[in-house]
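Please load the model in your viewer, colour it by chain, and keep a selection box at hand. The tour moves from one selection to the next and says at each stop what is there.

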Amino acid sequence: MAAGPVHERLAALELVDHHCHGAVTDDLDRAGFESLLTEGEAWPGMSPFDSPVGVAVRRHCAPLLNLPRHTPPDVYLARRADLGAAEVNRRFLRAAGTGVFCVDTGYAPHRVTGPAELTRAADATAYEVVRLEGIAEAVAADGVEPDAYARAFRTAAWEAVRRPGVVGVKSVAAYRTGLDLDPARPSPAEVTAAASRWLARGGRLDEPVLVRHLLWTAVDLGRPLQLHTGFGDGDIRLHRADPALLTDWLRLIAGTIPVLLLHCWPYQRRAAYLSAVFERVYLDVGLALHHVGPARAGAVLAEALEITPFRKLLYSSDAYGAAEFHHLGALAFRQGLADLLQERLDADELSLPDALRLARWAGRDNARRVYRLPGGLLDDG
Amino acid sequence: MAAGPVHERLAALELVDHHCHGAVTDDLDRAGFESLLTEGEAWPGMSPFDSPVGVAVRRHCAPLLNLPRHTPPDVYLARRADLGAAEVNRRFLRAAGTGVFCVDTGYAPHRVTGPAELTRAADATAYEVVRLEGIAEAVAADGVEPDAYARAFRTAAWEAVRRPGVVGVKSVAAYRTGLDLDPARPSPAEVTAAASRWLARGGRLDEPVLVRHLLWTAVDLGRPLQLHTGFGDGDIRLHRADPALLTDWLRLIAGTIPVLLLHCWPYQRRAAYLSAVFERVYLDVGLALHHVGPARAGAVLAEALEITPFRKLLYSSDAYGAAEFHHLGALAFRQGLADLLQERLDADELSLPDALRLARWAGRDNARRVYRLPGGLLDDG
Amino acid sequence: MAAGPVHERLAALELVDHHCHGAVTDDLDRAGFESLLTEGEAWPGMSPFDSPVGVAVRRHCAPLLNLPRHTPPDVYLARRADLGAAEVNRRFLRAAGTGVFCVDTGYAPHRVTGPAELTRAADATAYEVVRLEGIAEAVAADGVEPDAYARAFRTAAWEAVRRPGVVGVKSVAAYRTGLDLDPARPSPAEVTAAASRWLARGGRLDEPVLVRHLLWTAVDLGRPLQLHTGFGDGDIRLHRADPALLTDWLRLIAGTIPVLLLHCWPYQRRAAYLSAVFERVYLDVGLALHHVGPARAGAVLAEALEITPFRKLLYSSDAYGAAEFHHLGALAFRQGLADLLQERLDADELSLPDALRLARWAGRDNARRVYRLPGGLLDDG
């Protein structure tokens with residue numbers, strides 16, 4: 001990392017990672033680790049290490065395992081296995097320099113650290129973000145009549161957000177139906193009819209009316225709502241995950257809850273537009289940060305920041321599974337943002353106090369404000 | 001601004017700003033000025049100064065008010081108030097180094113300088129661009145029967161474009177219906193039926209058939225047609241303002257009028273494609289220039305210029321309200337373009353005469369040609 | 001070209017150009033050459049030389065005609081005419097440093113070099129890629145009953161791909177219907193009904209059901225399938241050529257044939273996403289490389305490579321007509337990729353062996369593997 005006051009301050013800043021997942025607690029073999037490296041699958045004859053994120057892991061994570069930079073995959077994996085999952089997780093989670101993790105607990109195909117374990121391993125604070133589709137599916141699994149679905153879902157959602165440590169909710173509507181939804185709040189009769197269809201066929205919540213109902217229930221809950229947009233795994237249709245598709249809905253809910261557009265890549269400019277014209281819309285470029293790696297994180301952040309008000313950009317890693325990503329996301333964010341700000345300082349396009357404030361806001365204080373975390377109302381300068 | 005012959009020539013070039021609005025003539029208080037800084041609204045607890053354009057104003061505009069670079073907002077606003085709107089406007093409009101302003105007179109929620117006042121304040125020439133939706137709405141306001149609407153609109157439009165100083169027309173179809181319109185010219189019966197619906201319900205012109213009719217009337221008028229595309233205020237749906245959606249219509253009208261794609265961001269590459277394959281399609285990246293600021297104007301221009309023929313890029317500020325933007329747009333254009341050209345000169349990817357010609361064409365001569373302004377047919381080298 | 005080991009190795013690497021066309025064998029006059037310079041048309045009063053690709057030709061091609069860099073168009077064209085098409089083609093095709101050309105023989109409005117002539121002129125190996133729409137149209141031209149169409153097309157396609165030297169097939173579905181097709185395989189009855197409509201009206205294959213049928217026939221053929229996406233001539237609708245529109249179809253055909261997304265610009269990030277989540281999806285940024293020129297090829301490649309696995313990027317020129325483009329595509333690829341890799345080496349984000357491997361794979365070995373070309377299974381390190 002280049003020198004300079006912005007790099008130093010960002011390196012010292014305790015980040016708020018406003019959207020991440022847990023780290024796998026079991027030891028991982030090669031196939032297991034490689035499957036975490038990619039948003040696709042690990043394919044025969046192609047190592048997921050042969051990718052931007054694979055190169056970034058070998059470059060930036062190997063030293064934390066006391067290995068040289070650019071260590072070959074085999075050596076890296078052997079050393080990782082020797083140390084064991086607990087020690088590996090501890091090292092990367094602490095190296096992330098993250099003071100607060102907001103953990104989406106609704107996605108865990110592996111055994112992963114919950115907020116409490118993450119707190120211990122990282123020596124940080126962890127809060128929980130509740131995935132609403134999971135609540136709806138639990139309501140269905142528990143057995144409910146179609147005409148009782150709306151009330152049961154609402155009750156379960158309220159119970160979930162009132163649990164200690166829960167700071168927000170999340171929806172993966174982008175995966176289930178795409179974001180090109182009818183923006184209107186569905187009527188009770190429509191919800192009952194849709195519940196009838198869905199409960200009859202079972203499976204995950206992908207009934208468009210119920211997904212709309214879920215988003216409007218989020219509005220009623222009054223908590224910050226995280227929305228998956230853009231980049232994700234092979235289950236998404238990227239052209240239907242464009243955050244601009246939310247425009248009419250965002251207009252309808254203006255003045256209610258904060259909406260946090262997650263990931264966004266490659267739609268970071270469109271998300272920035274939404275954050276510039278809607279008071280309560282925010283964005284991050286999580287997930288993309290470690291996948292593109294420090295080599296391109298600055299370029300992605302530069303697009304995201306072209307018109308984004310400085311109060312509207314947040315940091316998230318969206319790390320899942322490999323604790324390397326909790327570290328790598330933080331590192332790519334710090335390095336990309338610091339490079340970008342330093343370049344503007346050098347060109348005298350920005351003053352040092354402004355650069356430091358922007359960095360502090362994006363890395364920590366904007367999340368504190370939105371989620372009303374400790375420090376959020378005090379440290380606002 | 002870095003030194004070098006391209007920077008010097010661009011600094012000395014009298015620009016043609018082919019699409020802008022007036023500057024507010026009343027003195028502005030803090031809330032009034034801040035509301036002009038953003039395409040959204042000024043929100044409680046978030047200053048519009050905390051944004052890329054806010055930083056650019058404090059950096060590049062403060063010195064013209066005899067203040068240091070990066071002046072705090074309060075100091076900037078106090079000094080601005082002391083000088084008064086007339087003096088502030090005069091300073092920024094002259095600093096813009098713009099020889100010709102083509103003023104869209106159809107959008108003015110504030111009292112703003114018309115072409116004549118802009119001419120005096122800027123010591124420049126000003127022409128007028130007529131907004132067609134405004135003409136249609138005036139026809140409706142004057143009272144017209146549905147079956148007389150088409151003729152009345154056409155007559156009013158012809159009268160408007162024949163006024164002295166009018167050089168083109170503009171449509172905000174992107175706001176009213178989006179650009180995903182049926183490309184075909186509507187039949188007289190369809191127009192009458194649509195007029196009947198619209199005149200019955202009133203309000204702004206957002207009836208799709210009438211918006212299509214408006215665009216086809218523009219073709220009949222034979223004048224250059226400016227079309228809003230991409231970035232704008234919170235009233236737009238960005239995914240429906242993609243200029244590529246115009247493809248079928250552009251194919252139908254090939255060989256008729258010049259079409260000028262305004263703003264385009266974040267679709268500058270798609271607009272560039274249209275300009276490369278349709279003879280009479282042009283583009284600019286106005287509005288984006290001052291919102292992204294000089295720090296990113298070069299990056300946006302570089303994308304716009306990836307495949308755009310050199311005869312097809314124009315300069316506009318799309319400044320509205322704050323005369324700072326008439327200056328800042330010009331400055332961001334000059335600096336971004338000069339940096340980009342200088343980099344190619346340094347890499348020997350471009351010769352100096354070619355770089356200077358490209359700059360002169362984009363900054364001035366392409367607009368002169370399209371709008372048949374004085375000098376437009378002579379200075380073509 | 002800057003010095004450095006990556007630049008040297010890329011300069012020495014015999015590329016596989018996995019998608020190109022022939023070079024015109026007749027001498028070209030000014031109008032003829034200019035019409036090849038642009039994806040649009042050559043318009044009165046605007047020289048196609050006044051464009052990024054025109055500048056790149058004068059800069060990088062003139063020296064191969066023993067002219068100085070940045071030679072004026074008239075001088076360039078005169079020298080080109082003096083040398084004659086055969087000599088010009090020989091010079092550029094050899095300068096390309098391309099060891100293998102995969103030639104799409106289905107588009108040739110001019111008399112152009114076929115694979116055999118290209119082999120001789122370039123002192124390289126040439127293979128053939130068969131355009132499936134051409135086969136369907138030949139079947140129709142030969143006369144076929146609607147209910148025999150499917151079988152006749154399939155038989156003709158099998159015959160075509162079994163010809164010696166044929167390594168893959170191509171579809172221009174993006175031009176004919178757009179990529180927003182129903183992903184399902186059409187039933188025999190649907191195909192017969194669609195064939196009935198199409199054969200009755202004639203013309204090129206633009207019947208959506210038959211285009212889907214063509215894509216599914218490609219799956220049955222088992223050969224690598226090249227798909228036009230993104231940038232092309234004025235006949236395309238760019239918003240319907242977004243490769244993300246193929247997502248549902250790619251999911252249906254997972255595990256069958258390799259699919260090569262051609263061109264992709266300006267959707268290179270979306271194509272990269274597809275290549276990251278689907279095992280058998282690959283991409284290139286051909287056509288864009290020479291149109292944006294070496295000045296921007298690195299920027300386009302950097303976006304394409306943000307998340308693309310290193311086994312998934314291929315090189316193509318998509319050169320057609322002017323042999324300058326076979327050279328310019330190769331040069332822009334080499335220079336853009338080497339600059340990008342060198343920058344990461346300098347920042348210690350990449351090791352030299354990894355950089356060289358990525359370059360070798362993208363420039364040559366990935367294509368060898370996909371098309372099972374000689375060397376494809378051996379040189380895999």
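Begin by selecting B:R59 together with A:D348, shown as sticks: these two residues form a salt bridge, and their closest N and O atoms lie 3.7 Å apart. Bear in mind throughout that this is a predicted model.

Next, widen the selection to the whole interface of chain B and chain A, across which the rule finds seven salt bridges. On the chain B side 38 residues are in contact, and they meet 34 residues of chain A. The size of an interface is often given as the accessible area lost when the parts come together. For chain B and chain A that area is about 3,100 Å², with 55% of it on carbon and sulfur atoms.

Now show both chains as C-alpha traces and ask which rotation carries chain B onto chain A. Two copies of a chain are related by a rotation about an axis and a shift along it. Here a rotation of 120°, with 0.0 Å of shift along its axis, superposes chain B on chain A at an RMSD of 0.0 Å. That is the relation of a three-fold axis. The copies nevertheless use different surfaces, since 5% of the contact residues of chain B recur in chain A.

Staying with chain B, select helix 1, which spans residues 5–12, and highlight B:V6, B:H7 and B:L10, which are buried. Looking down the axis of helix 1 of chain B, you will find these buried residues within an arc of 100°, so they line one face of the helix. The face turned away from that buried side carries the exposed residues B:E8, B:R9 and B:A12. To see what covers the buried residues of helix 1, add helix 16 (323–346) and helix 17 (352–371) of chain B, which are included in that cover.

Move to chain A and select A:L64, located in the loop between helix 3 (52–60) and helix 4 (73–83). Is A:L64 buried or exposed? A:L64 is partly exposed, having a relative accessible area of 26%. Leaving aside residues up to four places away in sequence, A:L64 touches A:R91, A:F92, A:A95 and A:H327. Of these contacts, A:R91 is 27 residues from A:L64 in sequence, while their C-alpha atoms are 6.9 Å apart in space.

For the last stop, select residues 157–373 of chain A, where UniProt, in an unreviewed entry, places the feature "domain: Amidohydrolase-related". Over this range the chain is 53% helix and 9% strand, and the C-alpha atoms at its ends are 21 Å apart.

Technical notes. Residues numbered from 1 in each chain as written. Chains lettered and ligands numbered in written order. Predicted model: local features only at pLDDT ≥ 70, side-chain atom pairs only at ≥ 80, totals over all residues. Heavy atoms only, no water. Buried < 20%, exposed > 50% of the residue type's maximum accessible area, 1.4 Å probe, protein only. Helix = DSSP H or I, 4+ residues; strand = E, 2+ residues; numbered from the N terminus. Arc of directions from axis to C-beta. Contact = heavy atoms within 4.5 Å. UniProt positions renumbered as here; feature names shortened; annotations may be inferred. Least-squares fit on C-alpha atoms with pLDDT ≥ 70 in both. Buried area = accessible area lost by both parts, 1.4 Å probe. Salt bridge = Lys/Arg side-chain N within 4 Å of Asp/Glu carboxyl O.
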